[in-house]
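Colleague: I would like to learn how to read strands, helices and ring pairs from a model of this kind. Could we take the features in turn, with the general idea ahead of the case?

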Amino acid sequence: MAGEMLTIGAFARACGLSPKALRLYDELDLLRPARVDPDTGYRYYTAGQLERAWLRRLGMPLARIRRVCALGADAAAVEVRAYWARVEADTAVRRDLAAFLVDHLTDVSRRDTTMSTGTLELRYHAHSDRGRVRTANQDAAYAGRRLLAVADGFGPAGGPAAGAAVAALRRLETREVPAGGVLNLLEDAVRGAARAVRDVAAGAEEAGTTLTATLWTGSRLALVHIGDSRAYLLRGGELFRVTHDHTVVQSLVDEGRLTEEEAASHPQRTLLLKALTGAEATAAPDLRLHDVRAGDRWLLCSDGLPRAVPDADVRRLLVASAGPAEAVGALIGAADEAGGPDNVACAVAYVVDAADAAA
């Protein structure tokens, strides 16, 4: 029987996937071998499985592969074409993000010129909403002259934990920022927030909060991030996500074990790898400095917003809103219209040229 089949090596060469990838897909139940030798454990595949392997090579999720394989040739071609159109659209978004990062890292001289033409300042607004399903609101949001912050609490003391974390950072509104030391200042503030969370959580590791915040220095935004709340930047009409979720599912996406489409409906998509909790040890947050331009629009939000509102709609609402208060109201309203399955916290800041704003 084995002679009628392809060995894993031959199948790998035929489909363009490595034997290591095939073994991983077997473990994840994405592409099972047709036969496994009971004595040696060696895997064998049939030529008929090549089609499914090629679809996996495209990155197509297993559930969609099953649908495609059940269709006739013409209908299957339509499905593959539609899937690839979506992949190309997603790739275009990543291309734009890459262009933004290149510009952010290398276009120093132009940014310095921009900064010297006037004084930039923030227009800001924040709000936290319970949504339409949850009985309590465990999110917190704050926007001030220098600080934006959102926190998403979880566990029996989640609400107080989120509130305590944001309150600990609000002291930065009146702190002097040392030259070149803004990230150290922000890191110290997060340690203070961690202590405040431990106090209200009474040492319970199952209670805690995410925290995403920016501190305005007058020319840059310092960002701190831990958990799965998010920060987005709207620049030149394009929306860029500038934080990385600290979740189990995101780590599987990073490792190539899940696609973004599969991650969106994964049962463990909210399981955090990093957060501020009642435990003594706290994982290190992400800390970065971001240059700004007049016209930039920053959004910090809890995960309740992206769970309910696609990024394309977030971009559209940010573009259309004349000011931060209008933007926050529109974003939270969109989440509620989508069923309001979770609490939503939003903090929005528009970067404006003070001279233009006063004119």
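Colleague: Let me begin with a single bridge: which residue in S15 is the bridge partner of Cys301?

Modeller: Please keep in mind that this is a predicted model. The bridge partner of Cys301 in S15 is Cys346, and the strands concerned, S14 and S15, run antiparallel and are joined by five bridges.

Colleague: How many bridges join S4 to S15?

Modeller: S4 and S15 are joined by 10 bridges and also run antiparallel, and within this pairing Glu121 has Val352 of S15 as its bridge partner. As for burial, S15 is mostly covered, since nine of its 10 residues are buried.

Colleague: In what order do the strands of that open sheet lie?

Modeller: An order is read by going from partner to partner. Here five strands with antiparallel pairing give the order S4-S15-S14-S10-S11. Strand S4 (120-129) and strand S11 (238-241) each have a single partner strand and therefore stand at the edges, with one side of each left without a neighbour in the sheet. From one strand to the next, the twist averages 20°.

Colleague: What stands opposite Leu234 in S11?

Modeller: That position is taken by Leu239, in a pairing where strand S10 (residues 230-235) and S11 are antiparallel over four bridges. Helix H12 (residues 311-320) lies across S10, S11, strand S14 (297-301) and strand S15 (344-353), and runs at about 125° to S11. Helix H13 (residues 324-337) also packs on the sheet, where it touches S4, S14 and S15, and its direction makes about 150° with that of S15.

Colleague: Turning to helices, why do the end C-alpha atoms of helix H8 agree with the span that its 20 residues should have?

Modeller: The test sets a rise per residue against the distance between the ends. At 1.5 Å a residue, the 20 residues of H8 (residues 182-201) should span 28 Å, and the end C-alpha atoms are 28 Å apart, so the two agree. Just after H8, Ala202 takes a positive phi of about 55°.

Colleague: Which residues of H8 are buried?

Modeller: The general idea is that an α-helix has 3.6 residues a turn, so residues three or four places apart point the same way. In H8 the buried residues include Val182, Leu185, Leu186, Ala189, Val190 and Ala193, and Arg198 is also among them. Their cover includes helix H7 (158-169), strand S8 (211-216), strand S9 (220-226) and strand S13 (286-291).

Colleague: Where does Tyr45 stand in the open sheet of three strands, and what is opposite?

Modeller: Tyr45 is in S3, and Leu6 stands opposite. The sheet has the order S1-S3-S2 with antiparallel pairing, and its edge strands, S1 (6-7) and S2 (35-36), each pair on one side only.

Colleague: How many aromatic pairs are counted?

Modeller: The reading rests on the distance between ring centres and the angle between planes, and the count comes to two aromatic pairs. Phe11 and Tyr45 are stacked, at 4.4 Å centre to centre with 10° between the planes; this pair links distant parts of the chain, with Phe11 in helix H1 (residues 8-15) and Tyr45 in strand S3, 34 residues apart. Tyr42 and Tyr44 are edge-to-face, at 5.8 Å centre to centre with 65° between the planes.

Colleague: Are Tyr42 and Tyr44 buried or exposed?

Modeller: Tyr42 has a relative accessible area of 39% and is therefore partly exposed, whereas Tyr44, at 14% relative accessibility, counts as buried. In the stacked pair, Phe11 counts as buried because its relative accessibility is 0%, and Tyr45 is buried at 0% as well.

Note on methods: Residues are numbered from 1 along each chain as its sequence is written. This is a predicted model: local features need pLDDT of at least 70, side-chain atom pairs count only at pLDDT 80 or more; totals for chains, interfaces and linings use all residues. Side-chain values use heavy atoms; hydrogens and water are left out. Two strands pair if DSSP finds at least two bridges between them. Helices (H or I, at least four residues) and strands (E, at least two) are DSSP runs, numbered from the N terminus. Axes are lines fitted to C-alpha atoms, for helices over the stretch in contact, and angles run from 0 to 180 degrees between N-to-C directions. Contact means heavy atoms within 4.5 Å. The expected span of a helix is 1.5 Å times one less than its number of residues. Buried means under 20% relative accessible area, exposed over 50%, partly exposed in between (1.4 Å probe, protein chains only). Rings of Phe, Tyr and Trp (its six-membered ring) pair if their centres lie within 6.5 Å; planes under 30 degrees apart count as stacked, over 60 as edge-to-face and the rest as tilted.
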